[in-house]
Amino acid sequence: MNRPFAHTDIGNDKGRKDLLVPALVIWCVGFAIAVAYFWTDEGFTESLGGYYLLPWAFLTALILLSPSVYLWYVGKFDPFHPLVYGVWIYLMPAFVGGAVILTFNLTDPYFLTFIDNPSYNLPLSLVYVSVGFLGLTAGYFLPVGSFLARLIDKMLPTRHWGRDDVWLPGTLLIAAGIGLNILGFVQGVLGYQRVDEIGVFDSLVVFLAAVFTLGYILLWLGVFHSVRHTLIYYLTIALLIGLIPLRMAFLGNRSSLMISLVPIGLAYLYSGRKLKWVHAILFSIALFVAVGIGIVYGTTFRHVKGSEARINAGDYAGQVVATIEYLSVTDTSMIFSQAAGALAERVENLSSLAVVVSNYEKLEPYEEEYGIKNNIINEFTTSFIPRVLWADKPMVSDARSYSDLYFNFGENSFAITVFGDLVRNFGPIGVPFGMLLLGIYLRVIYQVLIDTPEPRIWKKAAYFPLLIMAHYEGFYSSIFPNTIRVLLVLVVALLIANLFTRRVASETAELPAV
């Protein structure tokens, strides 16, 4: 029985839909009662001792997993659904897993001392996460998102691409993406390096590099759509597999291997293939291994390179070789020990959020000096002015300035999280309302590109680059401006790619919609 991964159209099942609003209300009321109980019952909290975070983590997990359970119940579970993907890729590990990591002292970040009254502010941070996710869920299911999606869908072209039409445009997009990535490395805006001053076209290069992701997904969709295993089919697979370790080697990112595997799972599912439990288990194991390898390589790469100082392309490539040589001669047990500690530190983001929750009111008078005051409104109103017209345009959401103010260390980029950014800008009330707007956006892109009566390969390829714009670890202020930039890049890239495809007369040229 494959019901959890079924993709059946039951939109007319009114009985089940009518359960959604009452269920959401019941969850909100139940959550409020549980929060009130745990908050006011000091005896219960004291009886838990050092395990006081676990009940809050359990409540948060219930909230985060509720949409997944609902979608499974109505037969529309999708691991890349906006209310599901963000949970397993970030929210559950970072906050529920983070609470467990802190409870059992698996990591001990220095900034824990910056949290006033941890037994109050750590649970409060989990409450903000839960309330924010409830707002996200409410925004997703509001009728306005569905209305906007139907409106947009009517304006989109109905062009079909055949199964064999993706090879050339996908390869061209990847080639362009590789060229832009190389340019980004040379300019110091990509990889484990940074520049002191942002150039006029640096940001443009970063967003144009999104064409690589588009081409990468498009080719994997072509692979899984294909029914004829020709020479180009095998050459494409060889190219795509070869790019995976190459990207990890040069990005120096701890999650670079995982972010190369996730689109493969998306392409497999959205190509119309049936996803069974055994596939899900194997893919989960592969992701876990990818995270481990990424942590080992990324941590070692950063250790070998030493800092984020910009270096020339030749020296940067030399750091890749030096990292591989270091891993080949270093004691394996020491590597895994360091990786385990780095994994716990990387996953756990609850303490970072708690630092903001604990200190945002006290540090608010200093935010203007650091250039991060009212960054959500300021970034939205200034980000669309090209740097070529405003060469001295300040960086509004500067992770280094934020880290310097809140963590007293400006040489690292600590997790701000969308919840922390909303609290800083608008107070607690900003969390549910800000996340509600994000939920509307997620409903629009999912309904237009995936859950649509007009499925297209190019829609499926465009979905993932727009989905990952909802980066819960970073600034909320950058989500919508960056989404608009990436959307423009995707539109231009798809229009160019369309020139290299043939017109298909009917939808039968594509596999059935998923």
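A residue counts as buried when its relative accessible area is under 20%. Keep that cut-off in mind as we walk through this predicted model, beginning with two rings in helix H10. Phe-212 and Tyr-216 are both buried. They sit four residues apart in H10, about one turn of the helix. Their ring centres are 6.0 Å apart and their planes meet at 15°, so the pair is stacked.

Let's now turn to the partner of that helix. Helix H8 (residues 167-187) and helix H10 (residues 210-225) have axes that come within 7 Å and cross at roughly 150°. Because angles over 145 degrees count as roughly antiparallel, H8 is roughly antiparallel to H10. The crossing of the two helices is left-handed. On the H8 side, the contact includes Trp-167, Gly-170, Leu-173, Ile-174 and Gly-177. On the H10 side, Phe-212 and Tyr-216 are among the contact residues, along with others including Leu-214, Gly-215 and Gly-222. Sorted by class, the contact has 13 nonpolar and six polar residues, and no charged ones.

Back to the aromatic rings: the structure holds 29 aromatic pairs. Phe-212 and Tyr-216 are stacked, whereas Tyr-233 and Tyr-234 form an edge-to-face pair, with 5.1 Å from centre to centre and 85° between the planes. Tyr-233 has a relative accessible area of 10%, so this residue is buried. Tyr-234 is partly exposed, because its relative accessible area is 48%.

Finally, ring pairs also build a cluster, linking Tyr-110, Phe-111, Phe-114, Tyr-402, Tyr-406, Phe-407, Phe-414 and Phe-475.

Key. Residues numbered from 1 in each chain as written. Predicted model: local features only at pLDDT ≥ 70, side-chain atom pairs only at ≥ 80, totals over all residues. Heavy atoms only, no water. Axes fitted to C-alpha atoms, helices over the stretch in contact; angles between N-to-C directions. Parallel < 35°, antiparallel > 145°, perpendicular 65-115°, else oblique. Left-handed = near helix turned anticlockwise from the far one by under 90°. Contact = heavy atoms within 4.5 Å. Nonpolar A, V, L, I, M, F, W, Y, C, P; charged D, E, K, R; others polar. Phe/Tyr/Trp six-rings, centres within 6.5 Å; stacked < 30°, edge-to-face > 60°. Buried < 20%, exposed > 50% of the residue type's maximum accessible area, 1.4 Å probe, protein only.
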